[in-house]
Every structure is written in structure tokens, then in C-alpha cells.
Amino acid sequence: MSNDAAPRGFNTKTLELPGWTHVYSGKVRDLYEPADEAILQRMGQDCVLVVASDRISAFDHVLSSLIPDKGRILTQLSLWWFDQLDVDHHVLGSTVEDGVPAEVEGRAMICKKLDMFPVECIARGYLTGTGLQEYKAFGTVCSIPLPEGLVDGSRLDRPIFTPSAKAEVGEHDENISYDAVVAMVGDDIAGRLSELTLEIYSTAEKIARERGIILADTKVEFGYDPVSGLITLGDEVLTPDSSRFWDAATYEPGQAQPSYDKQYVRDWLTSAESGWDKSSDTPPPALPNEVVDRTRGRYVEAYEKLTGKTFA
């Protein structure tokens, strides 16, 4: 029923799915390629099955604890956002009728196989996180000068494109300048990646604000579709794992904002209660049930507030 040895990526147990062959495991997703020619014929092009697990990562470690329903929440939220955005994306199907195995329906998508660009495309509308750290030191974010006097949570005059370079498995992504992106992919593609990223952020920020949620920043990924020849949105989109969502009702610049993500996990792991040193090589301990439940609750709340649907 499972395969303990992933050919590439993280070594984790994966399901054996009829018609599909496991080829890669990321921190929270498992990728499968078609083993059945009928699937390729149905999709009309080369494709991959992306299965979201209930695994959760923090500080570049995949934790032993699972967050129940996390894979379904992230998949369903991504699918909802893909429907809201006027952009070419990689999703070909997400139901059993489309060819998704029944065992993973609800947490899997059949997607176009893209030639991914080696850039994490990040849009920031608010100053926080690693951007705040750079701003405090140099007054810039990814070499973009910002006005003086900004604090944690300050809204920027306009959203900015702040890319990072994709790191190897287990390593940190590194913030880079726009010129570095040009050197990696060329001027035309760099310009298009920036334009698309900021368009997605602006559209999503407006939709989220109407639902009482602030979208502080988001990370998206793009690839080249060899069939259409278009730059295409891939991976997940606008989930609590790839975006920083805040409650508009409690937003207050000048302090860290509570967010709809794995904040409870990070807070507990760095607390005295966990007894874990994140600078060590020791794997993180298992999460208490309370932290698991509260983390799941934040994921569900984000899904329901954004989509207006009840998560079942």
C-alpha cells in the first residue's frame, strides 16, 4: 500500500495509486506521473498528479505530526482561487471523472507538466517577516528602497515584487534582486513574472479584503507550458502555506499580526515547553494535540472566510 523510498525529494511514505507512478515528494506534496496511456490521451498533454498530504513543515523540517484535513483544505482553496484569477494556470482536472484516483479525490489535482522557472515570485503589500529584517538593516526589501518610518505591518504605498531563488531541498530560499532574476531568466520573462505576480496579488488582495482578511504577501510559481507556449501559474496558490493572511478586524501596525497559517506550530516549537533547539540537527518533537487542533482550526477558518463555504 505504500512506497517508503521516494526517487527524489523528501523520503516519506506514499500511496500506491492505480494508473500513476510516484516520482517525487516535497515537504507536503507528492507527485505522480501517468502509468496509463489513457490518462495522457484524456488530458491531451503530458501531465502530473499533485497530491497534497496532511504533513506540515516548520523551520525546514517536516514534522512527524499531521494536521488532519490540511491537504484537502489547501487543494480546495487553491482550486477556488484558480477560478477567481484571470490567468493561465496548470490545473487540468480534480475529480474522479477527470482521472483522479478515488483514494485522493479532494486533495489532488491533475496538472499540466511545466518547465518551472527557478524563481519564487513573491508580492508584498505589507512590511513584515524577512522583508522587515532587511528594511531595518538597509531601508530596502530585495534592494527596493522604501520610505523611512515603516514598522512591522505597515501597508506599502504600492505592492512590490520581491523574488527569491529556489533553494535545494532542506535549504532556505534566498531573497534576490530583480536584476538577479533578469540574469537567471532574461529581461522579457523577468518582466512578465513581475507583472503576473503583482496582478495576482492585487486581484486576491481586493477579494480577501472584501471578506475581512488582509493579504499581506504571497508566493506564486510559474512555468513554461511547452504545449501552449505560455507562462503558466503552477503549484498551489493563495493558501495559508504560501501566503500571509491577517484578520482585518485585529490588524494593528507596529506589532506582529496573528496569521492564518502554522503560527501555533512555530510558536510552540520555539517555546520552552517543546524543549527543542531549532539551530540543532535534532528533529522537532511531535506536536501536542492542542497545537494540532488549533492549527487545523486556523486553516479551516481561512478557507471558510475566503470562500464563503463550510468546510466539510
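Which residues form one aromatic cluster together with Trp246? The legends below, which describe close-up views of a predicted model, begin with this group.

**View 1. An aromatic cluster around Trp246 and Tyr251.** The cluster consists of Tyr126, Trp246 and Tyr251. The structure holds 7 aromatic pairs, and one of them joins Trp246 to Tyr251 in a stacked arrangement, with 5.9 Å from centre to centre and 15° between the planes. Trp246 is buried, since its relative accessibility is 2%, whereas Tyr251, at 23% relative accessibility, counts as partly exposed.

**View 2. The hairpin formed by strands E6 and E7.** Strand E6, which covers residues 55–58, pairs with strand E7, residues 61–66, in the antiparallel sense over 3 bridges. One residue that can be followed across this pairing is Ser57, whose bridge partner in E7 is Val62. There are 2 residues between the strands of the hairpin, and in the turn Phe59 has a positive phi of about 55°.

**View 3. The aromatic pair of Phe59 and Trp276.** Among the 7 aromatic pairs of the structure, the one made by Phe59 and Trp276 is tilted, with the ring centres 6.1 Å apart and an angle of 45° between the planes. This pair links distant parts of the chain, 217 residues apart: Phe59 lies in the loop between E6 and E7, and Trp276 lies in the loop between helix H6 (263–269) and helix H7 (289–307). Phe59 counts as partly exposed because its relative accessibility is 26%, while Trp276, with a relative accessible area of 10%, is buried.

**View 4. A charged group over the ring of Tyr260.** Here the charged end of Arg298 sits over the aromatic ring of Tyr260, at 4.1 Å from the ring centre.

**View 5. The largest nonpolar core and the surroundings of Phe222.** In soluble globular proteins, nonpolar side chains tend to be buried together. The largest nonpolar core in this model has 62 residues, and those with the most contacts inside it are Trp81, Phe222, Leu233 and Leu287. Helix H5, residues 187–210, supplies the largest share of this core, namely 8 residues. Leaving aside residues up to four places away in sequence, Phe222 touches a set of residues including Met116, Phe117, Cys121, Leu193, Leu196, Ile200 and Leu233. Another core, of 12 residues, lies apart from the largest one, and among its members are Met43, Val100, Val104 and Ala108.

**View 6. Tyr224 and its neighbours in space.** Tyr224 is found in strand E17, which runs over residues 213–224, and at 35% relative accessibility Tyr224 counts as partly exposed. Although Tyr224 and Met116 are 108 residues apart in sequence, their C-alpha atoms are 6.3 Å apart in space. When residues up to four places away in sequence are not counted, Tyr224 touches Leu114, Asp115, Phe117, Gly229 and Leu230.

**View 7. Cysteines that are in no disulfide.** A disulfide is a covalent bond between the sulfur atoms of two cysteines. In this model the count comes to 0 disulfides. For Cys47, the nearest cysteine sulfur is that of Cys111, which is 8.8 Å away, and Cys47 is buried, since its relative accessibility is 0%. For Cys142, the nearest cysteine sulfur belongs to Cys121 and is 11 Å away, and Cys142, at 6% relative accessibility, also counts as buried.

Key. Residues numbered from 1 in each chain as written. Predicted model: local features only at pLDDT ≥ 70, side-chain atom pairs only at ≥ 80, totals over all residues. Heavy atoms only, no water. Pairing = 2+ DSSP bridges. Helix = DSSP H or I, 4+ residues; strand = E, 2+ residues; numbered from the N terminus. Phe/Tyr/Trp six-rings, centres within 6.5 Å; stacked < 30°, edge-to-face > 60°. Buried < 20%, exposed > 50% of the residue type's maximum accessible area, 1.4 Å probe, protein only. Lys NZ or Arg CZ within 6 Å of the ring centre and 35° of its normal. Disulfide = S-S within 2.5 Å. Core = buried A, V, L, I, M, F, W, Y, C linked by side-chain atoms within 4.5 Å. Contact = heavy atoms within 4.5 Å.
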